[in-house]
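Student: Can we go through this model together? I'd like to start with the ligand site.

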Amino acid sequence: MEVKDEMLPDKLLIHGGRKLNGTIDVQGAKNSALPVIASALLLCDETLTLGAVPHLYDINTMKQLLESLGAQVSFENHHMKIYVPEKISYNASVELVRKMRASSIVLGPLTARCGKCLLPLPGGCDLGDRPLDFHLKALTKMGAEVELSHGSIITSVNGRLKGADVRFDFPSVGATQNIMMAATLAEGTTYIDNAAKEPEIVNLADTLRLMGADIKGDGTETIRVIGTEKLHSAKNTIMPDRIEAITYLLAGVMTEGAVCVRGIDSNLFSAVLDKMADAGVCLDIFKNEITAKYVTPLKNTSIKTMPFPGFPTDAQPQFMAFLTKAQGISIVEESIFNNRLNHVDDFNAMGADVRVTDNIAYITGVSSLHGASVHSFNLRAGAAMIMMGLAAHGDTIVSDLKHVWRGYENLIPKLRSLGAELEIYE
Ligand code: UD1
């Protein structure tokens, strides 16, 4: 089943103030599925089979991108099968790349597999500047020529890429994934230093190993990849989505209820759980089930977004929503992106008290929020606006939900199963 634009609404009307209670099964992680699907491009006349792939707009865009390059993809009931023939194109479609910045994840696999890649510049986005310089510098070090021409990045290499010692100035998730994939088909050994340690990197490395790649050190700051000439068919499962889990846990507590998320290891987001505990949330962790319960008025706490295992930037807007109701002054510092606090005005329109100076938000907790008409600025800010609406008194309309459907599968039925009252607003 494909998630098509016309299938999901642009606006939701939320009747706030209902406590959320119940259990949610966690979806497969969008941010793991995207690079893992792209890794199929390293194959030649072989198939990658994946389970637990979430049905989301972004996944559909990645599926279309692979199909436009010549792959045959089937996707049904979270099960994706990607056959990659011998001959594929290295030319990524402008239309699809512009739709989703994460399309840049095909750069490494295509350069390694085809000796060439033409990637229209994905451009910036509403999180601020998002350059690809680390990706390009590393590919150059591996022997690729890189040029920028007519708004596209063009990479080319004579023969195979060469193993190299790569060091990133910052542990970029996308650059680590791109270079780790490229290195699997390179001649010789690649070391990636100051690599990102996110669990999604490990899920990708596991998939590559199942395809025959020789990778060690994923999940640590140095990854070593010994290149090989050919990878083979494999099957793997997408890991659970830690950001989805965090969103539902926080939404439960914000509405003074108790939500359990099932099917995820708490170690994937202990930085967030620690801060929830600081704020007075009662946590119950048993195997792969985590329950967060509101027991007492929330207290202020502070966070700074950091690379894994630090506090994830993708949970920052949702955590800030939660803090709008915590007594005292909380501080949220966004250190990964330079424009990821643009949800604040809409928070304040709902009665929150947040001031921003230099990428730091100061949140004075309020005893109640009220409904308003607000926007979903991006994927996670959109989820945060929905949380605000659920916790507010009165009705809230959240518009521009197309961003939210990029990352949350079945959000409306999941929230309704927890007791939320919301309807599609025409
Ligand atoms: C991935 C996630 C995104 C998450 C982010 C940080 C996916 C599909 N997206 O994005 O949801 O918010 O990690 O955890 O998995 N940078 C450079 N030059 C580069 C690359 C990055 O300066 O070549 C900077 C970026 O501008 C940003 C920081 O590094 O300030 C982190 O970006 P990065 O980790 O690369 O994020 P993405 O992989 O794009």
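Student: How do the residues of the shell around the ligand divide by class?
Tutor: This is a predicted model. The shell has eight nonpolar, five polar and six charged residues.

Student: How many residues surround the ligand, and which are the closest?
Tutor: There are 19 around the ligand. The closest are Asp133, Ser172, Gly174, Asp314 and Ile336.

Student: Which helices each supply at least two residues of that shell?
Tutor: α5, residues 133-141, and α6, residues 173-184. α5 gives the most, with three residues.

Student: What does the side chain of serine 172 do there?
Tutor: One of its N or O atoms is 2.6 Å from an oxygen atom of the ligand.

Student: And what about the backbone of valine 173 and isoleucine 336?
Tutor: Valine 173 places a backbone N or O atom 2.8 Å from a ligand oxygen. For isoleucine 336, a polar backbone atom is 2.6 Å from an oxygen atom of the ligand.

Student: How much of the ligand's accessible area does the protein cover?
Tutor: The protein covers 84% of the 750 Å² that the ligand has on its own.

Student: Switching to helix packing. At what angle do α6 and α7 cross?
Tutor: Roughly 10 degrees, with their axes coming within 10 Å. α7 spans residues 199-210. Angles under 35 degrees count as roughly parallel, so α6 is roughly parallel to α7.

Student: Which residues meet there?
Tutor: From α6, Val173, Thr176, Gln177, Met180, Met181 and Thr184. From α7, Glu200, Ile201, Leu204, Ala205 and Leu208.

Student: And by class?
Tutor: The contact has seven nonpolar, three polar and one charged residues.

Note on methods: Residues numbered from 1 in each chain as written. Predicted model: local features only at pLDDT ≥ 70, side-chain atom pairs only at ≥ 80, totals over all residues. Heavy atoms only, no water. Near = heavy atom within 4 Å. Polar contact = N/O pair within 3.5 Å; in protein donor to acceptor, adjacent residues only side chain to side chain. Areas by Shrake-Rupley, 256 points an atom, 1.4 Å probe, with all protein chains shown as cover. Helix = DSSP H or I, 4+ residues; strand = E, 2+ residues; numbered from the N terminus. Nonpolar A, V, L, I, M, F, W, Y, C, P; charged D, E, K, R; others polar. Axes fitted to C-alpha atoms, helices over the stretch in contact; angles between N-to-C directions. Parallel < 35°, antiparallel > 145°, perpendicular 65-115°, else oblique. Contact = heavy atoms within 4.5 Å.
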